[in-house]
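Hi everyone, thanks for making time for this. I'd like to walk you through a structure that may be new to you, so have it open and follow along.

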Amino acid sequence: MCVISTFMRLGALSLGLFFAAGAMASDESQLIDSINVYRAQSQRCGTQASLELPPLTADPRLILPATSSGDLQQALAQRAYPMVSVQAISLGGPRDAQSAMTAIKESFCQVVLDPQFIDVGVSRDGSQWRIVLARPLLASRLGDWQAEGQKLLGMLNTARSQARQCGGQSFGATAPLSWNPTLAAVAQAHSHSMANNNFFDHKDRDGHTPGDRAELGGYIGSAIGENIAAGQDTVRKVVDGWLASPGHCANIMSAQYRELGAAYATDPKSDAGIYWTAMFGTQ
């Protein structure tokens with residue numbers, strides 16, 4: 001049986017599942033790891049295909065009693081978590097994290113693959129599980145898009161200066177990227193488009209790919225790549241999320257790229273609030 005209650009930017013979902021009794025073989029952190037592995041690859045959820053997403057960050061303020069069904073907004077306010085949106089998944093019956101993850105994939109893939117969510121908390125009481133996903137209010141005071149783009153460039157170059165494992169791929173240290181204003185303008189335009197039109201995708205509303213947008217913007221390159229992010233309100237959070245995601249990490253570490261342009265844009269009416277684009281290129 002599935003019961004779904006939906007509120008504007010606030011939701012609670014529950015699913016009762018029945019499994020044979022067995023020993024509890026895993027814990028909450030294992031389920032968070034499984035959710036993040038699931039998010040790290042493009043997934044098919046219903047009729048939609050998700051993008052590769054950065055991992056959710058475990059936040060202790062989102063660990064709510066597994067057997068409670070109280071008001072989410074009030075509970076997070078009491079825990080000093082300033083939220084924009086939140087959803088809670090309640091599972092009854094899974095005997096371990098693997099079974100819980102199976103139930104999530106089958107019934108709640110749209111929730112855990114929603115790019116607006118940034119943080120997660122998992123609680124468990126016997127065979128009862130509660131997974132809370134949330135997006136906080138933007139708390140940081142950001143500089144203008146060019147200043148933050150340059151800051152992102154610096155952090156990416158620091159990452160490129162060290163050998164790194166990106167999922168199953170090994171990368172050696174590589175040369176720093178240089179700032180390209182044309183790529184930056186293209187990145188700014190895409191970030192604004194995502195924010196103002198409330199979507200999160202490498203294809204824009206006209207169906208243009210990153211390569212298309214770079215060419216239309218006047219950048220003719222032999223290689224083009226793009227990383228996007230949503231919801232993170234600091235460059236540090238954006239870079240940490242990308243480095244923890246194999247595909248994003250591989251773009252950062254790729255020696256084929258020589259230049260970068262990056263930007264963010266905000267719109268309080270959008271689901272994620274803030275959107276980031278980093279355009280990699282080689283002319």
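Let's start in the loop between α6 (181–197) and α7 (210–216), where you'll find Asn198. This is a predicted model, by the way, so please keep that in mind as we go. Asn198 has a phi near 55°, which is a positive value in a residue other than glycine. For context, most residues other than glycine have a negative phi. As for surroundings, Asn198 has a relative accessible area of 33%, so it counts as partly exposed.

There's another residue of this kind to look at. Ala80 has a phi near 60°, again positive and again in a residue that isn't glycine. You'll see Ala80 in the loop between α2 (72–78) and β6 (83–92). Is Ala80 buried or exposed? Its relative accessibility is 54%, and the cut-off for exposed is over 50%, so Ala80 counts as exposed.

While we're on loops, please click on Gly168. Gly168 sits in the loop between β9 and β10 (169–171). With a relative accessible area of 79%, Gly168 is exposed. If you want a sense of distance from there, try Asp240: Gly168 and Asp240 are 72 residues apart in sequence, and their C-alpha atoms are 18 Å apart in space.

Now, on to the cysteines. How many disulfides are there? The count comes to two. One of them joins Cys45 and Cys109, with the sulfur atoms 2.0 Å apart. Cys45 belongs to strand β3 (residues 44–45) and Cys109 to helix α4 (residues 109–112), so this pair ties together parts that are 64 residues apart in sequence. The torsion about the S-S bond is about 75° for Cys45 and Cys109, so this disulfide is right-handed. Cys45 is buried, at a relative accessible area of 6%, and Cys109 counts as buried too, at 10% relative accessibility.

Cys166 and Cys249 make a disulfide as well, and their sulfur atoms are 2.0 Å apart. Here Cys166 is in strand β9 (residues 164–166) and Cys249 is in helix α9 (residues 246–253), so the pair ties together parts that are 83 residues apart in sequence. The link of Cys166 and Cys249 is left-handed, with -55° about the S-S bond. Both Cys166 and Cys249 are buried. If you number the bonded cysteines of the chain in sequence order, the pairing reads 1-2, 3-4.

Since we've just been in helix α9, stay there a moment for Asn251, which is found in that helix. Asn251 counts as buried, at 17% relative accessibility. What does the side chain of Asn251 reach? That would be the backbone oxygen of Glu226, at 3.3 Å.

Next, let's turn to helix α5. Helix α5 covers residues 145–160, which makes 16 residues. From the first C-alpha of α5 to the last is 22 Å, close to the 22 Å expected at 1.5 Å a residue. Which residues of α5 are buried? Among them are Trp145, Glu148, Gly149, Leu152, Leu153 and Leu156, and the list also includes Arg160.

The start of α5 has a nice detail, and it involves Asp144. Asp144 lies in the loop between β8 (128–136) and α5. A side-chain oxygen of Asp144 reaches to within 3.1 Å of the backbone nitrogen of Gln146. The side chain of Asp144 also reaches the backbone nitrogen of Ala147, at 2.7 Å. Asp144 itself counts as partly exposed, at 49% relative accessibility. And Asp144 is 52 residues from Asn196 in sequence, with 17 Å between the two C-alpha atoms.

My last stop is a pocket. Rolling a probe the size of a water molecule over the atoms shows where empty space is left. In the second largest pocket, that space is about 380 Å³. Its lining has 29 residues, and Thr57, Ile118, Asp119, Gln232 and Lys237 lie nearest the centre. Two elements, β12 (223–230) and α8 (235–243), each supply at least two residues of that lining. What sort of residues line the second largest pocket? They divide into 18 nonpolar, four polar and seven charged.

That's my tour. Thanks for listening, and I'm happy to go back to any part of it.

Conventions. Residues are numbered from 1 along each chain as its sequence is written. This is a predicted model: local features need pLDDT of at least 70, side-chain atom pairs count only at pLDDT 80 or more; totals for chains, interfaces and linings use all residues. Side-chain values use heavy atoms; hydrogens and water are left out. Helices (H or I, at least four residues) and strands (E, at least two) are DSSP runs, numbered from the N terminus. The expected span of a helix is 1.5 Å times one less than its number of residues. Buried means under 20% relative accessible area, exposed over 50%, partly exposed in between (1.4 Å probe, protein chains only). A polar contact is a pair of N or O atoms within 3.5 Å; within protein, one must be able to donate a hydrogen and the other to accept it, and residues adjacent in sequence count only if both atoms are side-chain atoms. On a 1 Å grid over the protein atoms alone, a cavity is a set of points where a 1.4 Å probe fits but cannot get out, and a pocket is an open set with protein on both sides within 12 Å along at least five of seven lines; lining residues have an atom within 4 Å of a point. Grid points are joined across faces, edges and corners, and a volume is the space filled by probe spheres set on the points. Ala, Val, Leu, Ile, Met, Phe, Trp, Tyr, Cys and Pro count as nonpolar, Asp, Glu, Lys and Arg as charged, and the others, Gly among them, as polar. A disulfide is a pair of cysteine sulfur atoms within 2.5 Å.
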